[in-house]
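Colleague: I'm new to this one. Could you walk me through a few of its features?

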Amino acid sequence: MDQFQMQFVSFARLVMLAMVPYVLASQGTMLGGRTGLFSVSQEGIMLVGASLGFLGAYLYGSLVYGMLLAMFVGGLFGLALAYFTTTLKMNQFVIGLSLFFIGLGLSTLFPKIVIGVTLQPPLIPTLPDVPIPGLSQIPILGDIFFNQNVLVYFAILLSIFLYYLLYKTSIGLELRSVGENPKAADSLGVNVSVMRYVTAIVGGMLMGLAGAYLPMVYTGTFTQGMVQGRGWIAIALTFFGGWSPHLIFLGALFFAGVEILALRVQVAGVGVPYQFLLTLPYIATILVMIFASRRVRAPAFLGQNYDREKRTLS
Amino acid sequence: MKNSTMLEMKGVRKSFGTVVALDDVNLQLKSSEIHGLLGGNGAGKTTLMNVLYGLYKPDRGEIYLREKKVEIQSPKDAISCGIGMVHQHFLQIDSYTVTENIVLGTRLKNRPTLDLDQEEQRIQDLSERFGLEVSPSSLVEELPMGIRQRVEILKAVYRGVDVLILDEPTTNLTPQEVESLFQSLRVMVEEGMSVVFITHKLREVLSVSDRISVLRDGRNVITLPRDEASEEVLVRAMVGEGLDVGKSLVFSDTGLDQEALQVGQEPVLRVEGLQVVNEEGNPLVKDCSFQIREKEIFGVAGVAGNGQQELAESLMGIRPIAGGQASIDDTSIVGLETRELLEMGVTYIPEDRLQDGFLPTANVAQNLILGYQRQEPYHNRGFLDWNAIFRAARELITEYNIMTPSAKEPAANLSGGNIQRVMLARAFSHPAKLLVAHNPTRGLDIGSMEFVYSKLLERKEQGMATLLLSEDLDELMLLCDRIATIYRGQFAGVLERGEFDKYQIGRMMSGVETHE
């Protein structure tokens, strides 16, 4: 392998690694959106997921427990969103923002209760790479795709699965119809509330897992605000991906690429202040939204609550 | 099987808050019959059917299907009882194909694969059997209204319903489409289905129904076999004793009297090659040319969404005129703002009174002067003169017989008919040269329609020019001196009074024929 190839493989590997939280959080956002639920609490749920994922792994000595705990709490946030908006018909944006702030607060509270204030925060082991026998031996591609941690595989398989579910099954047809025109779906016997609860809870679980990924892969510990806006970017990414799983996956690769590129350029010591480089993902977000927003189509009923007996005037 | 009872609703009551929409209503439906359900706006027809379809939960009342009591809590229950409903506003997923819309919610055998070839074939067969021609693989949003309605009916038929409810099915159809719909319904009842046909149009109900029930103010009035029903009997049942049918404009067969038919000579509005485009630059109104003279009512017929709204809005300065000329009394109005047009004496009754016509939380008086707030006498040295406003509002409320507790009532508390009276009172409260009115009687009961017609004619006789855009052909043929038909943003032809022909206009509405 020559120098350039090695550079490329290591860059591509890192992009795959960095893509995971974007994929998980955005697919979670997409699921809820497809039934009309527009969540803005991703950042908060990811923070709680990061915090509890770290604590679960630290207390029970296994990353799996950390992931399960993060998903459980993420699911609870999803349940809360569904309950307040679908059952109590409250404004989705307001509830989403409240949940974001609750998550933000809880994420720093839990470690303080469990661990206390320490100079040297405890560390958890990071998620190991699991080479897939056979496939990981393929030159170049093997290293990029088949010699990664389990959540990388999960993110890829999840995207494929969601694509299949949404477009190739009749459950998917029903699910999408709820976000397009819940009244029509309801009139054909599709249970709008159940669909919304399920997608909100599963979506929340994915966001929680997305958060837990950060201490488990990047830092080995929880630090305040460690999600660094990835939750907000996930919203932009979902729009950019036209609320469809395959495009969201590609979009996540793009954002991960920008993130890694920013780090690389920083390390390479180009004469640009690093603060500027850190803003690259956010600038990319705005640019992408400018071009994508005209072309993509969001679910028609996104962000609205459905009330069967609501009467219009006249 | 014939004449056995298919379905019965007994003692149904439904209230929304303090408003009782249905009170002790009964309905009996026989098998193999088309049952017309007639009533004015707000009579409770749709509410009753929404109860039957499980969309509304009744406060009281029972439903019997083939003499067995059934509980219908949701549309799902209704479907499993064999009840299907075609809503007035189609309940379709715009971005889905015809087939996807039809199979949605059914338990497909090949559920995990969503292979729809077989279903497509079945839909094709059904559409041929009932004369409801559609192409199963087209996207619903690209289809015209008439076809979208067939999709709705196929949705019910595909589920094998015994009872089909059609809520105002003819609203967006051309006369030809109405006839073909009626033929399809006949095929259905011959196969043993029962159809409930909700409408406020007497002639249609008389031409297609086997039996007719009339609702008024949420109560049963009568149920009659068709042989015993006549227009007069049904009108009395619908509107009560308040309306003199003999003198009614809505039911006049002879048309207007001579005085009302006088048309002036001087053109008020001249439009030459008018173009209106959407954001992407695609034309919505193409090369429209016409003149409206004093004392003339110029009608524009067409299926909804063929450029009527854009035409009206461009003349009112709400949308920019992209090309061509338009002038009022030889003053060009291209590029003028709505405010300047109002000051010139142009007045507007928008199509969607709830969206574009009024402020729901503002009170009746504020709504009555909306748009004129900068003019005398409401405006006085930079301040609103509330005394003058309320004085004018009280006068208008009396003159136009607006049912409201006071001029300070929030406008949203008024009924649809009264909101429309507010629109009219406002449009007519100032001397106007030109009125642009878009579907001014949509959703109104007969009494209110009567009122609108008489006001339009009164103003016409005083010299006003009127552009009347309407989807109700009967209305246009009654009131207009000339009728243009608009299809895809272009005039397909203009007919003079005397050569009005419903079917010819219908052909022009669907783009089959042009005139001249």
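Modeller: Sure, let's take a helix, a surface patch and a side chain in turn. This is a predicted model, where local features need pLDDT of at least 70, side-chain atom pairs count only at pLDDT 80 or more, and totals for chains, interfaces and linings use all residues. Residues are numbered from 1 along each chain as its sequence is written, chains are lettered from A in the order in which they are written, and side-chain values use heavy atoms, with hydrogens and water left out.

Colleague: What span should helix H9 of chain A have?

Modeller: Helices are DSSP runs (H or I, at least four residues), numbered from the N terminus. The expected span is 1.5 Å times one less than the number of residues. For the 28 residues of H9(A), 192-219, that gives 40 Å, and the end C-alpha atoms are 41 Å apart, which agrees.

Colleague: Why is H9(A) called largely enclosed?

Modeller: Buried means under 20% relative accessible area, exposed over 50%, partly exposed in between (1.4 Å probe, protein chains only). Because 20 of its 28 residues are buried, H9(A) is largely enclosed by the rest of the structure. Just after the helix comes Gly220(A), with a positive phi near 80 degrees.

Colleague: Is Ile113(A) buried or exposed?

Modeller: Ile113(A) sits in helix H4 of chain A and is exposed, at 61% relative accessible area.

Colleague: And Gln92(B), buried or exposed?

Modeller: Gln92(B) is buried, at 2%. You'll find Gln92(B) in the loop between strand S6 (83-86) and helix H3 (98-103) of chain B.

Technical notes:
Helix = DSSP H or I, 4+ residues; strand = E, 2+ residues; numbered from the N terminus.
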